[in-house]
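Work through the following exercises with the structure at hand. Each task is followed by a solution in steps.

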Amino acid sequence: MIDRICWLVLGLIHVMPALAVFRPALISGLYGVGPGTDSFTLLHHRAALFLAVVVICAWAAFRPEVRQLASVAVAISMVSFLLIWWGSGMPPALRTIAVAHLIGVPFLLYAAWQAFRGGA
């Protein structure tokens, strides 16, 4: 049960940016990038990738056999953002996103630990 909760929390962390697939105006609010720019288009595509992360987390919540792969995919998403954010001087405009990812790290660690140790 705790595993399922962890996967659902991880999915929830990614829901807001994923919603930008369907409501591109969210991109301006989340990232401060206006429509009609190359960056906006790239962030719109990024939203689709976040939608994939949400689907992966939901899938892992209910299908233990996908949890190892889900752990790797979600870790790549979250850890890469944190490393890139840190490497670029921790821009204040992205601090909220970094905090959300940092909140998710313990959930990811527990879920991945369970997945790789063979927990249900």
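**Exercise 1. Disulfides**

Determine how many disulfides this predicted model contains.

Solution.
1. A disulfide requires two cysteine sulfur atoms within 2.5 Å.
2. For the sulfur of cysteine 6, the closest cysteine sulfur belongs to cysteine 57, at 11 Å, which is too far for a bond.
3. Taken from the other side, cysteine 57 has the sulfur of cysteine 6 as its nearest cysteine sulfur, again at 11 Å, and is in no disulfide.
4. The count is therefore zero.

**Exercise 2. Cysteine accessibility**

Classify cysteine 6 and cysteine 57 as buried or exposed.

Solution.
1. The cut-off for buried is under 20% relative accessible area.
2. Cysteine 6 has a relative accessibility of 5%, so cysteine 6 is buried.
3. Cysteine 57 has a value of 0%, so cysteine 57 is buried.

**Exercise 3. Packing of α3 and α4**

Describe how helix α3 (residues 38-62) packs with α4.

Solution.
1. The axes are 9 Å apart and the angle is about 145°.
2. The crossing of α3 and α4 is left-handed.
3. On the α3 side, the contact involves Arg46, Phe50, Val53, Ile56, Cys57, Ala60, Ala61 and Phe62; on the α4 side, Arg67, Ala70, Ala73, Val74, Ser77 and Phe81.
4. By class, the residues of this contact of α3 with α4 are eleven nonpolar, one polar and two charged.

**Exercise 4. Packing of α1 and α4**

Give the corresponding description for helix α1 (residues 2-19) and helix α4 (residues 67-87).

Solution.
1. The two axes come within 12 Å and cross at roughly 35°.
2. The crossing of α1 past α4 is left-handed.
3. Asp3, Arg4, Trp7, Leu10 and His14 of α1 meet Arg67, Ala70, Ser71, Val74, Ser77 and Met78 of α4.
4. Sorting the residues of the contact of α1 with α4 gives five nonpolar, three polar and three charged.

**Exercise 5. Serine 77**

Locate serine 77, state whether serine 77 is buried or exposed, and list its contacts beyond four places in sequence.

Solution.
1. Serine 77 lies in helix α4.
2. Its relative accessible area is 17%, so serine 77 counts as buried.
3. With neighbours within four places in sequence left aside, serine 77 contacts His14, Phe50, Val53 and His101.

**Exercise 6. Confidence**

Which element has the lowest mean pLDDT, and which the highest?

Solution.
1. Over the protein chain, pLDDT averages 93, and 98% of the residues score at least 70.
2. Among the elements, helix α2 (residues 25-31) has the lowest mean, 86, and α4 the highest, 96.

Notes. Residues numbered from 1 in each chain as written. Predicted model: local features only at pLDDT ≥ 70, side-chain atom pairs only at ≥ 80, totals over all residues. Heavy atoms only, no water. Axes fitted to C-alpha atoms, helices over the stretch in contact; angles between N-to-C directions. Helix = DSSP H or I, 4+ residues; strand = E, 2+ residues; numbered from the N terminus. Left-handed = near helix turned anticlockwise from the far one by under 90°. Contact = heavy atoms within 4.5 Å. Nonpolar A, V, L, I, M, F, W, Y, C, P; charged D, E, K, R; others polar. Buried < 20%, exposed > 50% of the residue type's maximum accessible area, 1.4 Å probe, protein only. pLDDT = per-residue confidence, 0-100.
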